[in-house]
Amino acid sequence: MRLKSLFSPTITKEKAYTSRQQIIRIKELKAIYFPIPKVACTSVKLALAKEFSINIPDSDTRTNQHVHRAEFDYLNRKDLRRCNGYFRFGFVRNPWDRLFSCWSDKIKKDESLSNSLFEQGVHKGFLQYKDFRAGMPFEEFLNVVARIP
């Protein structure tokens, strides 16, 4: 993923969910959170939503994926400039652990799995790259990821 893809001049809540541009302002803490996929962002968002009574539409407690549609105060890069004095934070993870977690979470063994998140066993967010497939070994997954510009 390119660093540029993390920011956009204008972000709606809907676009923030679909494009990973999820910079979140927590006014009560005077803080800004930069979620990074596969680095506990679901857990952090759940904790923030609970602590600050943030609405989470269509709650589905089986997957917790609903929290990514919560009504957080999303920011864009221009908004960041107006947040001087805010504590800014995010979390990082060992890249190999992150890749393995991504593979095990987004590439399923069963190619018949199709639902709101998966199509033929592959997470819908990966379909644009065409080379991901259900049941692919981790090494093959790494090779495909390495070819993404």
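In the predicted model, helix H2 is followed by serine 53, a residue with a positive phi near 50°. Within H2, which spans residues 41-51, the buried positions are Cys41, Thr42, Val44, Lys45, Leu48 and Ala49. These residues lie on the same side of H2, because they cover an arc of only 165° around the axis. Such an arrangement follows a regularity of helix geometry: an α-helix has 3.6 residues a turn, so residues three or four places apart point the same way. Lys50 and Glu51, on the other side of H2, are exposed. The cover over the buried residues of H2 includes strand S1 (23-26) and strand S2 (31-33).

Both of these strands belong to an open sheet of four strands, arranged in the order S3-S1-S2-S4 with mixed pairing. Strand S3 (73-75) and strand S4 (87-89) form the edges, each pairing on one side only. On average, neighbouring strands of the sheet are turned by 30° against each other, direction ignored. H2 packs on this sheet through contacts with S1 and S2, and its direction makes about 145° with that of S2.

The pairings within the sheet can be described strand by strand. S1 and S2 run antiparallel and are joined by three bridges. They form a hairpin with four residues between them, and lysine 30 in the turn has a positive phi of about 50°. S1 also pairs with S3, in the antiparallel sense and over three bridges. By contrast, S2 and S4 run parallel, with three bridges between them. Tyrosine 33 stands opposite phenylalanine 89 in S4, and tyrosine 33 is also the bridge partner, in S2, of isoleucine 24. On the S3 side, isoleucine 24 has tyrosine 74 as its bridge partner.

The side chains of S1 alternate in direction: Ile23 and Arg25 point one way, Ile24 and Ile26 point the other way, and all are buried. For isoleucine 24, the contacts beyond four places in sequence comprise Ala31, Ile32, Tyr33, Pro35, Lys45, Phe72, Asp73 and Tyr74. One of these contacts, Lys45, is among the buried residues of H2.

Arginine 25 is located in strand S1. With a relative accessible area of 18%, arginine 25 falls under the 20% limit and therefore counts as buried. Its side chain makes a polar contact of 2.7 Å with the side chain of aspartate 73. When residues up to four places away in sequence are not counted, arginine 25 touches Ala31, Ile32, Asp73, Leu75, Cys83 and Tyr86. Ala31, Ile32 and Asp73 also appear in the contact list of isoleucine 24.

The largest nonpolar core contains 14 residues, of which Ile24, Ile26, Tyr33, Leu48 and Phe72 touch the most other members. S1, S2 and H2 are the elements that give two or more residues to this core, and H2 gives the most, with four residues. A second, separate core of nine residues includes Val122, Phe126, Phe132 and Val144. In soluble globular proteins, nonpolar side chains tend to be buried together.

Glycine 121 occupies the loop between strand S5 (118-119) and strand S6 (122-123). Its relative accessibility is 0%, and glycine 121 therefore counts as buried. The C-alpha atom of glycine 121 is separated by 6.6 Å from that of lysine 109, although the two residues are 12 residues apart along the chain. Apart from neighbours within four places in sequence, glycine 121 is in contact with Lys106, Ile107, Lys108, Asp110, Glu111, Leu113 and Ala134.

Taken as a whole, the protein comprises five helices and six strands, which follow one another from the N terminus in the order α-β-β-α-β-α-β-α-β-β-α. Of its 149 residues, 35% are buried. Among contacts between residues at least 6 apart in sequence, 48% join residues at least 24 apart.

How values were computed
Residues are numbered from 1 along each chain as its sequence is written. This is a predicted model: local features need pLDDT of at least 70, side-chain atom pairs count only at pLDDT 80 or more; totals for chains, interfaces and linings use all residues. Side-chain values use heavy atoms; hydrogens and water are left out. Buried means under 20% relative accessible area, exposed over 50%, partly exposed in between (1.4 Å probe, protein chains only). The arc is that of the directions from the helix axis to the C-beta atoms. Contact means heavy atoms within 4.5 Å. Two strands pair if DSSP finds at least two bridges between them. Axes are lines fitted to C-alpha atoms, for helices over the stretch in contact, and angles run from 0 to 180 degrees between N-to-C directions. A nonpolar core is a set of buried Ala, Val, Leu, Ile, Met, Phe, Trp, Tyr and Cys residues joined through side-chain atoms within 4.5 Å. A polar contact is a pair of N or O atoms within 3.5 Å; within protein, one must be able to donate a hydrogen and the other to accept it, and residues adjacent in sequence count only if both atoms are side-chain atoms.
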